[in-house]
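Trainee: I would like to learn how to read a model of this kind, feature by feature. Where do we begin?

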Amino acid sequence: MSERQSASADSDNWQRRTILVVDDEAGMRSFLSRALEGKVAGVLVADSAEAGAALLEKQHVDLILLDVALPGSSGLEWLQALRSAGNPTDVILMTAFADVETAIAALRSGASDLVVKPFRVDQMLNAIGRCFDRARLARENYLLRRELDKYTIHKDFIGESDAMKKVMALVARVAPMPSTVLVTGESGTGKEVVARELHRLSGRQGQFVPLNCGAMAPDIIESELFGHAKGAFTGAAGARHGLFLYADGGTLFLDEIAELPLPMQAKLLRVIEDRRIRPLGTEREIGVDVRIVAAGNRDLANEVAAGRFRQDLYYRLDVVSIAIPPLRQRPEDIVPLAEHFSEQLSAQLGLPTVALPPSLARLLKRYDWPGNARELRNLVERALILGEYPIESLVAGAGGAAAEGMDGMQGAGHGAGAEAEDLAATGPDSSAMADDPSLLETVERRHIVRVLEAERGNRAEAARRLGISRRTLDRKCLQWGLRP
């Protein structure tokens with residue numbers, strides 16, 4: 001970069017910034033305001049930490065010049081409160097009493113710099129420049145890292161099937177765009193993983209902020225999203241930022257979007273269109289730069305037809321749609337996912353990994369996985385805890401459908417207890433597949449016998465627990481020579 005280009009970049013870096021000056025001396029506030037006039041986008045002033053906090057509720061600032069000695073809360077106390085609340089704004093502390101203790105306290109409190117009064121204009125400008133430069137370099141480094149791994153899939157984004165490769169390619173293409181994205185798929189397919197990958201590859205410096213709309217009570221979701229002022233409702237003892245502000249400059253992931261109440265759907269639509277929010281109990285609007293990624297396991301088009309979801313919001317969210325196929329439709333991904341979960345959970349739990357033999361791998365590929373990748377992860381976690389794969393849980397997890405399949409009523413043969421003829425017909429490796437029905441039958445018999453023993457031979461109760469009909473259980477017992 002040439003000297004002229006560098007100077008231009010520095011100027012642009014300052015011209016987009018807003019600075020808040022907090023000092024109880026009117027002369028110092030005036031001095032700094034004049035020194036910064038024309039150099040930055042705007043200068044706000046406050047004579048106390050409390051007044052500064054009130055201004056921060058109304059407007060975003062990029063840097064705070066904060067006096068240590070203030071009436072009420074001291075500068076250090078307010079800085080500590082800001083950091084405790086998760087506010088990352090750069091703060092330059094100003095003090096007339098510089099000593100080692102003050103400097104150490106400033107650093108521990110999260111100050112970006114410490115300037116001793118009295119100071120010259122160039123001293124303060126240099127301190128401000130260092131803060132702005134660090135922020136600029138952090139962004140440039142982030143963008144450089146993003147370019148380096150632009151086509152590298154995140155370690156949690158696993159998939160060898162053609163279907164998942166298409167999803168990955170679409171994510172990489174869409175990620176840098178500001179458009180809203182709708183991620184669809186059954187529960188447990190990994191919609192949040194896709195949303196996080198969209199954010200990681202987006203180049204956005206802000207945070208990834210997730211919210212499960214279905215887990216939030218309707219009467220508090222507006223406050224959760226937009227924030228509120230003190231006294232806005234019963235129990236609002238203090239002001240609070242909403243998730244939109246925490247996601248400013250980043251991505252807000254709205255999971256289970258179909259659960260959002262209709263009145264909130266209208267407000268969300270307005271925010272997406274205007275890029276402005278209004279916290280509860282206030283009259284002011286705050287501009288936000290947030291990329292929306294929504295997800296759900298229900299068909300939003302059907303929800304619109306049923307009158308439970310606004311059509312205009314649906315069209316606004318469905319700019320780009322990414323559909324994640326269920327695990328049963330991509331068996332090639334099951335073993336790589338199981339191995340990934342094994343390594344991940346092994347590190348978390350401090351337990352050794354458990355080998356996945358080929359016969360069991362074939363069994364896993366024939367299971368329906370109604371809970372998708374989440375169910376597979378749970379199975380792997382149980383395997384690590386027990387020291388072996390609990391194959392019986394596949395029979396139990398099938399809810400008896402596997403055992404019912406033995407009646408010959410199901411032709412697909414995907415359940416854990418499907419007939420040998422069905423399994424043998426699913427591929428060319430008939431000898432290997434013949435082993436699987438044998439293994440399945442052994443596991444199924446062991447499981448049924450255990451349940452019968454637990455119920456002291458009560459077949460009606462055992463059938464209820466197994467999730468199968470009494471007729472099926474009687475036939476099984478007759479087939480295996482089990483007497484009442």
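Trainee: Leaving aside its neighbours within four places in sequence, which residues is Leu254 in contact with?

Mentor: A caution before that: this is a predicted model. Beyond four places in sequence, Leu254 is in contact with Leu211, Cys213, Leu225, Leu268, Ile292, Val293, Ala294 and Ala295.

Trainee: What is the general idea behind a set of contacts like that?

Mentor: In soluble globular proteins, nonpolar side chains tend to be buried together. Here the largest nonpolar core has 33 residues, and those touching the most other members are Leu225, Phe244, Leu252, Leu254 and Ile257. Two or more residues each come from β7 (208–212), α9 (221–226), α10 (243–246), β10 (251–255), α11 (262–274), β13 (291–296), α12 (300–305) and α13 (311–317). The largest share, five residues, is that of α11. Another core lies apart from this one; it has 23 residues, including Leu337, Ala338, Leu345 and Tyr367.

Trainee: How do I read one helix for its faces? Take α5: which of its residues are buried?

Mentor: The general idea first. An α-helix has 3.6 residues a turn, so residues three or four places apart point the same way. In α5 (residues 100–109), the buried residues are Thr102, Ala106 and Ser109. They fall within an arc of 70° when seen down the helix axis, so they line one face of α5. Val100, Glu101, Leu107 and Arg108, on the other side, are exposed.

Trainee: What covers the buried residues of α5?

Mentor: The cover includes α4 (75–84) and β4 (90–95). After α5 comes Gly110, with a positive phi near 100°.

Trainee: Which residues other than glycine have a positive phi?

Mentor: Arg275 and Trp369 are two to look at, with phi of about 60° in Arg275 and near 50° in Trp369. Arg275 sits in the loop between α11 and β11 (276–277), while Trp369 belongs to the loop between α15 (358–366) and α16. Their burial should be read separately. Arg275 is partly exposed, at a relative accessible area of 31%. Trp369 counts as buried, at 0% relative accessibility.

Trainee: While we are on the backbone, is the peptide bond from Lys117 to Pro118 cis or trans?

Mentor: The angle to read is omega. The bond from Lys117 to Pro118 is cis, with omega near -10°. Pro118 lies in the loop between β5 (113–116) and α6.

Trainee: How many disulfides does the structure hold?

Mentor: Zero. For cysteines, also read the accessibility of each residue. Cys131 is buried, with a relative accessible area of 0%, and Cys477 counts as buried at 1%.

Trainee: Now enclosed space. How many cavities of 30 Å³ or more are found, and what lines the largest cavity?

Mentor: A search of the whole structure finds one cavity of 30 Å³ or more. The volume of the largest cavity is about 30 Å³. Its lining is made by Phe31, Leu32, Ala35, Leu36, Val121, Met124, Leu125 and Ile128. The elements giving two or more residues to that lining are α2 (26–36) and α6 (121–148).

Trainee: And open space: what is the volume of the second largest pocket?

Mentor: The second largest pocket has a volume of about 650 Å³. Of its 29 lining residues, Thr189, Gly190, Lys191, Glu192 and Val193 lie nearest its centre. At least two lining residues are supplied by each of α8 (191–200), β10, α14 (334–349) and α16 (372–386). The most come from α8, which gives seven.

Trainee: How should I read a single residue inside a helix? Is Glu303 buried or exposed?

Mentor: Place, accessibility and contacts are read in turn. Glu303 is in helix α12 and counts as buried, at 6% relative accessibility. Not counting residues up to four places away in sequence, Glu303 touches Ala258, Arg298, Arg308 and Phe309.

Trainee: Let me ask for one more case. Which residues does Ala463 touch?

Mentor: Ala463 is in helix α21 (residues 459–466) and is buried, with a relative accessible area of 2%. With residues up to four places away in sequence not counted, Ala463 touches Ile468, Ser469, Arg470 and Leu473. Distance can be read as well: Ala463 and Asp474 are 11 residues apart in sequence and 9.2 Å apart in space, C-alpha to C-alpha.

Definitions and conventions:
Residues are numbered from 1 along each chain as its sequence is written. This is a predicted model: local features need pLDDT of at least 70, side-chain atom pairs count only at pLDDT 80 or more; totals for chains, interfaces and linings use all residues. Side-chain values use heavy atoms; hydrogens and water are left out. Buried means under 20% relative accessible area, exposed over 50%, partly exposed in between (1.4 Å probe, protein chains only). Helices (H or I, at least four residues) and strands (E, at least two) are DSSP runs, numbered from the N terminus. The arc is that of the directions from the helix axis to the C-beta atoms. Contact means heavy atoms within 4.5 Å. A nonpolar core is a set of buried Ala, Val, Leu, Ile, Met, Phe, Trp, Tyr and Cys residues joined through side-chain atoms within 4.5 Å. A disulfide is a pair of cysteine sulfur atoms within 2.5 Å. On a 1 Å grid over the protein atoms alone, a cavity is a set of points where a 1.4 Å probe fits but cannot get out, and a pocket is an open set with protein on both sides within 12 Å along at least five of seven lines; lining residues have an atom within 4 Å of a point. Grid points are joined across faces, edges and corners, and a volume is the space filled by probe spheres set on the points.
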